[in-house]
Amino acid sequence: MEYRLRENEFLLFKNLIYDKTSINLDKSKISLLENRLAKRLRHYEFSNFKEYFDYLNNHQNSKELQLFIDLITTNETSFFRENPHFEFLEQKHLPTLEKNKKLNIWSAACSSGEEAYTLGMVLEKNKFNYEILGTDISERILESAKKGVFPIERSIKIPSKYLKEFCLKGKNEMEGFFKFDKKISEKLNFKYFNLNMNFDSLPTFDIIFLRNVMIYFDQKTKDELVFRITNKLKKGGLFFIGMAETLIEKNSKIKMISPSIYRKLE
Ligand SMILES: C[S@@+](CC[C@H](N)C(=O)[O-])C[C@H]1O[C@@H](n2cnc3c(N)ncnc32)[C@H](O)[C@@H]1O
């Protein structure tokens with residue numbers, strides 16, 4: 001059965017998505033939403049999108065809402081994505097820090113974990129003591145991050161010095177996959193965290209990566225999020241945003257030190 005998402009139905013979903021995730025969808029995303037949600041309508045044998053919307057609304061706490069969020073998020077990521085950030089860390093920032101101090105790092109909106117594992121490789125190589133928290137709103141994608149097993153094709157972006165030292169090729173039933181050395185994976189912790197939730201339960205961090213997620217938010221959400229997130233950054237700590245993203249600097253607590261890299265003022 002072919003389903004068509006009408007404009008009035010799209011608006012219902014748009015408001016629900018904004019409320020639950022802060023993701024701000026514009027009308028250009030109608031067919032994307034139509035395609036992604038159609039399988040749920042087929043699953044329940046609903047005859048239109050309004051029936052699915054009502055089902056979601058009547059089961060606010062059900063697994064379906066999480067499944068819905070899993071379907072509407074875009075989880076594109078890769079190892080060493082936007083590599084100048086990792087070069088900056090390795091060449092400019094880490095050499096200024098004491099090695100015996102433990103670094104607390106947050107990969108906010110970590111998707112399947114590639115960003116967090118990349119940070120792990122860089123810190124391990126430079127012999128730092130560290131702990132990395134990866135968080136995301138999609139339970140489905142977090143399962144992949146926790147598993148930490150990746151198809152071998154994804155290793156293509158990992159420089160050979162890291163591949164040789166930290167990546168373990170799977171054998172037999174794990175043929176075609178790789179995972180990371182325990183000394184990295186045991187320092188990573190992945191958990192569900194919605195960026196529009198209260199931040200009180202979080203510790204403070206030396207480094208925060210918030211990359212390629214703010215593109216889905218409106219300006220008000222971005223401003224509030226940057227304000228709250230930089231409250232969680234230690235003085236002198238670094239804050240990274242996506243290289244194609246911009247911050248309107250109303251925030252007096254941080255200073256840009258390189259494009260898309262900010263330092264929390266002392
Ligand atoms: C495009 S990925 C970015 C992954 C990684 N940071 C990178 O740059 O490669 C965006 C991620 O943001 C997550 N996300 C979207 N809205 C969120 C929210 N309100 N709270 C937490 N994560 C969210 C999505 O589930 C998705 O995995």
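**Figure 1. Polar contacts of the ligand.** A nitrogen atom of the ligand lies 2.9 Å from a polar backbone atom of A109. The model shown here is predicted. Two side chains also take part. In E115, an N or O atom of the side chain is 3.1 Å from a nitrogen atom of the ligand. For N194, a side-chain N or O atom is likewise 3.1 Å from a ligand nitrogen. The protein buries 99% of the 600 Å² that the ligand exposes when taken alone.

**Figure 2. The shell around the ligand.** The ligand has 22 residues around it. Those that come nearest are T21, T77, R81, D136 and N212. By residue class, the shell holds eight nonpolar, nine polar and five charged residues. R81 and D136 belong to the charged class, while T21, T77 and N212 count as polar.

**Figure 3. The ligand pocket.** The ligand takes up the space of the largest pocket. This view takes in the residues that come nearest to the ligand, with T21 and R81 among them.

**Figure 4. An aromatic pair between two helices.** Across the whole structure, a search finds 29 aromatic pairs. One view is given to F13 and F53. Their ring centres are 5.5 Å apart and their planes meet at 85 degrees, so the pair is edge-to-face; the cut-off for that class is over 60 degrees. The two residues are 40 residues apart, and their pair links distant parts of the chain. F13 sits in helix α1, residues 7-21. F53 sits in helix α3, residues 49-58.

Terms used: Residues numbered from 1 in each chain as written. Predicted model: local features only at pLDDT ≥ 70, side-chain atom pairs only at ≥ 80, totals over all residues. Heavy atoms only, no water. Near = heavy atom within 4 Å. Polar contact = N/O pair within 3.5 Å; in protein donor to acceptor, adjacent residues only side chain to side chain. Areas by Shrake-Rupley, 256 points an atom, 1.4 Å probe, with all protein chains shown as cover. 1 Å grid on protein atoms, 1.4 Å probe; cavity = no way out; pocket = protein on both sides within 12 Å on 5 of 7 lines; lining within 4 Å. Sits in = over half its atoms within 2 Å of the grid points. Phe/Tyr/Trp six-rings, centres within 6.5 Å; stacked < 30°, edge-to-face > 60°. Helix = DSSP H or I, 4+ residues; strand = E, 2+ residues; numbered from the N terminus.
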